[in-house]
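Please open the model in the viewer and keep the selection panel at hand. The tour below proposes one selection after another and states what is found at each stop.

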Amino acid sequence: MNPDKEAALINKRIDASFKRLINTRYQINVVFNHYSNTFNFLMYVAHPKKRSRSIPLHTVETDDLVYLESLIKRIQAHTKLTITYTGFVSEKWPSDLRPIQRTAGVHEDKQYLK
């Protein structure tokens with residue numbers, strides 16, 4: 001596991017999926033899969049006259065939040081797309097202890113897009 005190589009792979013796939021179409025919303029979704037202890041990176045693409053879709057970008061085979069934070073910093077340095085988080089309800093960033101996912105209630109997962 002090398003964060004530089006994985007971030008380069010994710011950034012390459014982001015660039016391939018980012019078409020810059022007018023009236024289209026693009027954002028990156030990071031999903032914490034608690035069952036397999038992995039992080040899944042997806043690109044959400046929504047156009048008002050087309051069906052929205054999620055494009056799988058990469059799966060990181062660890063549940064280490066320090067590793068995820070370094071990966072996210074490398075991705076944010078490459079792209080200005082919004083990054084949302086799903087499945088991180090009670091998790092905090094290791095560097096500054098801020099909550100990763102913003103939720104309305106304790107057990108509500110309101111991060112899904114409509």
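The model shown here is predicted. Begin by selecting F41, L68 and F88: within the largest nonpolar core, which numbers 25 residues, these three touch the most other members. Next, colour the elements that give two or more residues to this core, namely α1, β1 (25-33), β2 (38-46), β3 (53-60), α2 (65-78) and β4 (82-86). Among these contributors, α2 supplies the largest share, with 6 residues. As a general background to this stop, nonpolar side chains in soluble globular proteins tend to be buried together.

**The overall layout**

Return to the cartoon view and trace the chain. There are 2 helices and 4 strands in the protein, and along the sequence they follow the pattern α-β-β-β-α-β. The protein has 114 residues, of which 39% count as buried. Among contacts with a separation of 6 or more, 51% join residues that lie 24 or more positions apart.

**Helix α1**

Select α1, residues 3-17. This helix has 15 residues, and the distance from its first C-alpha to its last is 21 Å, close to the 21 Å expected at 1.5 Å a residue. At its N-terminal end, display the side chain of N2, which caps the helix: a side-chain oxygen of N2 lies 3.1 Å from the backbone nitrogen of D4.

Now show the buried residues of α1, which are P3, E6, A7, I10, N11, I14 and S17. Why do these residues lie on the same side of α1? They cover an arc of only 130° around the axis, and therefore share one side of the helix. Turn the view to the other side of α1, where K5, K12 and A16 are exposed. What do the buried residues of α1 pack against? Their partners are β1, β2, β3 and α2.

**A7 and its surroundings**

Within α1, centre the view on A7. Is A7 buried or exposed? Its relative accessibility is 2%, below the 20% limit, so A7 counts as buried. Add L71 and R74 to the selection: A7 touches both, with residues up to four places away in sequence not counted. Then add K73 and draw a C-alpha to C-alpha distance from A7, which gives 9.1 Å for two residues 66 apart in sequence.

**The aromatic residues**

Clear the selection and display the aromatic side chains. A search of the whole structure finds 6 aromatic pairs. One of them joins F32 and F39: the ring centres are 5.0 Å apart and the planes meet at 35°, so this pair is tilted. Both partners are buried, F32 with a relative accessible area of 10% and F39 with 0%.

Which geometry does the pair of Y85 and W93 adopt? The ring centres of Y85 and W93 lie 5.6 Å apart with planes at 80°, and the pair is therefore edge-to-face. Y85 counts as buried at 9% relative accessibility, and W93 does so at 6%.

Finally, select F32, F39, Y85, F88 and W93 together, since these residues form one aromatic cluster. The tour thereby returns to F88, which was among the three residues selected at the start for touching the most other members of the largest nonpolar core.

Notes:
Residues are numbered from 1 along each chain as its sequence is written. This is a predicted model: local features need pLDDT of at least 70, side-chain atom pairs count only at pLDDT 80 or more; totals for chains, interfaces and linings use all residues. Side-chain values use heavy atoms; hydrogens and water are left out. Buried means under 20% relative accessible area, exposed over 50%, partly exposed in between (1.4 Å probe, protein chains only). Contact means heavy atoms within 4.5 Å. A nonpolar core is a set of buried Ala, Val, Leu, Ile, Met, Phe, Trp, Tyr and Cys residues joined through side-chain atoms within 4.5 Å. Rings of Phe, Tyr and Trp (its six-membered ring) pair if their centres lie within 6.5 Å; planes under 30 degrees apart count as stacked, over 60 as edge-to-face and the rest as tilted. The expected span of a helix is 1.5 Å times one less than its number of residues. The arc is that of the directions from the helix axis to the C-beta atoms. A polar contact is a pair of N or O atoms within 3.5 Å; within protein, one must be able to donate a hydrogen and the other to accept it, and residues adjacent in sequence count only if both atoms are side-chain atoms.
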